[in-house]
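Me: I am new to this structure and should be grateful for a close look at one part of it, namely the cysteines. Please place that part in its wider setting as well.

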Amino acid sequence: MCGIVGAVAERNITPILIEGLKRLEYRGYDSAGVAVFTNAGKLERLRRPGKVSELDQALAGEPLVGRLGIAHTRWATHGAPCERNAHPHFSGDVAVVHNGIIENHEALREQLKSLGYVFTSDTDTEVIAHLLNHKLKDHNDLTAALKATVKELHGAYGLAVICASQPDRVVAARSGSPLVIGLGLGENFLASDQLALRQVTDRFMYLEEGDIADIRRDSVAIWDVNGNSVEREAVQYRDGAEAADKGAFRHFMLKEIHEQPAVVQRTLEGRLGDKQVLVNAFGPQAAELFAKVRNVQIVACGTSYHAGMVARYWLEELAGIPCQVEVASEFRYRKVVVQPDSLFVTISQSGETADTLAALRNAKELGFLASLAICNVSISSLVRESDLTLLTQAGREIGVASTKAFTTQLVGLLLLTLSLGQVRGTLAPGVEATLVEELRRLPTRLGEALAMDSTVEKVAELFADKNHTLFLGRGAQYPVAMEGSLKLKEISYIHAEAYPAGELKHGPLALVDDDMPVVTVAPNNELLEKLKSNLQEVRARGGQLIVFADEKAGMVNGEGTHVINMPHIHDTLSPILYTIPLQLLSYYVAVLKGTDVDQPRNLAKSVTVE
Ligand code: F6R
């Protein structure tokens, strides 16, 4: 969580730091700050609660000009989002920015207080600044002091430090929170994500777990977790598709919703044969490994977890493989019994989600057959640390609420299901050829669903003055309902809950009245008649129904029942299609409520703390 930028150059680095922070706002945006060793030879800082634009405006009035600096955009963990808790934190000559959580901060705080250090914030980060300042008494060199400091830290950190008495360098440490060095000509940079530095360089060096780095204008030195001097490979990053531009759309989220036909097409490219999925899309050793798989364990968070829940229906029904799905924050702390020959699958847009990464690291000790990451970021920790990878091709997702990442994950998971079934010979005859054909048509179907945009916009008016909603689905549409309810609560702040429709009568029906809209997705499948009965139960209690139904489902508008017809689709692919109107619904409700659609309150795009 949070974003870090650092720079050491011959030119004024403040505009570079601020531009970097703007590009990192997806990681947190409740306060921001910058510390610069100014051309006047002083360590100065400016911090502001709120978004980076607030800091930028403040800098217009109080400019900081210098050739060495660090900056931070925060997502609060310890201490409210206010100026005194914003990073950088100072102690003596030292300024520190930090991503992650220091678990032993309370003990360190007491220790440092007894040594006379005065704390001015409620953060865990401030202990690092004082500890480092203290270590400088025994170690003249800043890098040596940082090495001594991190030995006393428990928890996760990505750290960037500057020091007024050694103003030739930024020093950095990585443990559990990613950091990348950007290599320039006669200038070097540091950030928690290379996106922050694409404006100044396309050459990067990724720090590994436990690395300490000393970054100067014309040199970079790195030590590994054992203190050995190491070289990290410099990688040239080419990414044409990264334009952070809303185009004609009002918000990134709406743009990303509308990109889905194109990114689903891209995710399928090169992965479909004539009548089969190309198993080597998962890597050259995939076919051999998949032949041994007897169980699948999926672990993910949030929206990615919902994708995993859909996959369970597919894996069991189509490929006949037992599948378990769990949220990573639970899995990582549970004593898990691993079934023999289990494939461990993680799903993640960012590939940096702390809980998912930790679950993968635990899984390596638990005797899984192999690990597979379905991920959208090729250079992420999750991809680097997994045996097999399937990259979704969603492109950069900027809206905090995940949309196109989800549908491309579903496509990746269906490819996985068919690949496992193909290799193990467990698919029913003809199923793979049919679904390959349906997948080819999917982008067109998604385009048809997106054409319902203005219809859904009108339906959104039914929600603008509501405080609670229910989402219902049956079978593989239950996780779709969960995803719909997550989207609505994230960006419109309306309380939304999802239930399997058959569960309604076991409790939640008590909530239903005409003030609580009930949203349902109803493809034309064998559960349709059961679902219709559940909907009657809602209507009988005066509940308002909003039903996205297959055009052949025979559902009609009536009093208190709003039916929106969906294009017909093969039932297996219906979770992907039915996600679209629910995304649009949340978007238009949020617009009507006037919330910050792309950066909803209290959230961050990449959750790198647990
Ligand atoms: C919701 C959302 C989050 C993420 C979750 C996992 O719209 O975006 O629930 O899905 O934080 O993130 P990744 O997929 O990056 O691991």
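Is Cys-375 buried or exposed?

Reply: Cys-375 is buried, because its relative accessible area is 0%. The model discussed here is a predicted one, and every value below is computed from it.

The natural next matter is whether this residue takes part in a bond. A disulfide is a covalent bond between the sulfur atoms of two cysteines. The structure holds zero disulfides, and Cys-375 accordingly belongs to none, with the sulfur of Cys-301 as the nearest cysteine sulfur at 12 Å. Seen from the other side, the cysteine sulfur closest to that of Cys-301 is the one in Cys-375, and the 12 Å between them is too far for a bond. A disulfide would require the two sulfur atoms to be within 2.5 Å. The surroundings of Cys-301 can be stated too: this residue is partly exposed, since its relative accessible area is 23%, whereas Cys-375 is buried.

Another cysteine, Cys-2, deserves attention on account of its annotation. An unreviewed UniProt entry places the feature "active site" at Cys-2 and Lys-605. These positions span 604 residues in sequence, yet no two of their C-alpha atoms are more than 9.6 Å apart, so they gather at one spot. Of these residues, Cys-2 is included in the lining of the largest cavity. Cys-2 sits in the segment before strand E1 (3–8), and it is buried because its relative accessible area is 6%. Lys-605 is found in the segment after helix H18 (574–593). With a relative accessibility of 11%, Lys-605 also counts as buried, because the limit for that term is under 20%.

A further site to examine is the one around the ligand. The ligand is surrounded by 15 residues, and the closest are Ser-304, Ser-348, Gln-349, Ser-350 and Thr-353. Two of these names return when polar atoms are considered. Ser-350 has a polar side-chain atom 2.7 Å from an oxygen atom of the ligand, and for Thr-353 the corresponding distance to a ligand oxygen atom is 2.4 Å. Lys-487 contributes as well: an N or O atom in its side chain is 3.0 Å from an oxygen atom of the ligand.

The strands complete the picture. Strands of a sheet pair through backbone hydrogen bonds, either parallel or antiparallel. In this model, seven strands form an open sheet in the order E5-E6-E7-E8-E12-E13-E14, and their pairing is antiparallel. Strand E5 (89–91) and strand E14 (229–230) are the edge strands, each pairing on one side only. Within the sheet, strand E7 (residues 155–163) and strand E8 (residues 169–175) run antiparallel and are joined by four bridges. One pairing can be followed at the level of residues: Leu-159 has Ala-173 as its bridge partner in E8.

Strand E11 (residues 203–206) has its own pairings. It pairs with strand E9 (residues 180–183) in the antiparallel sense over three bridges, and with strand E15 (residues 234–236) over three bridges, again antiparallel. Met-205 takes part in both pairings: in E11 it is the bridge partner of Ile-181, while its own bridge partner in E15 is Ala-234.

Definitions and conventions
Residues are numbered from 1 along each chain as its sequence is written. This is a predicted model: local features need pLDDT of at least 70, side-chain atom pairs count only at pLDDT 80 or more; totals for chains, interfaces and linings use all residues. Side-chain values use heavy atoms; hydrogens and water are left out. Two strands pair if DSSP finds at least two bridges between them. Helices (H or I, at least four residues) and strands (E, at least two) are DSSP runs, numbered from the N terminus. Buried means under 20% relative accessible area, exposed over 50%, partly exposed in between (1.4 Å probe, protein chains only). UniProt positions are given in the numbering used here, feature names are shortened, and annotations may be inferred rather than shown by experiment. On a 1 Å grid over the protein atoms alone, a cavity is a set of points where a 1.4 Å probe fits but cannot get out, and a pocket is an open set with protein on both sides within 12 Å along at least five of seven lines; lining residues have an atom within 4 Å of a point. A residue is near a molecule or strand if one of its heavy atoms lies within 4 Å of it. A polar contact is a pair of N or O atoms within 3.5 Å; within protein, one must be able to donate a hydrogen and the other to accept it, and residues adjacent in sequence count only if both atoms are side-chain atoms.
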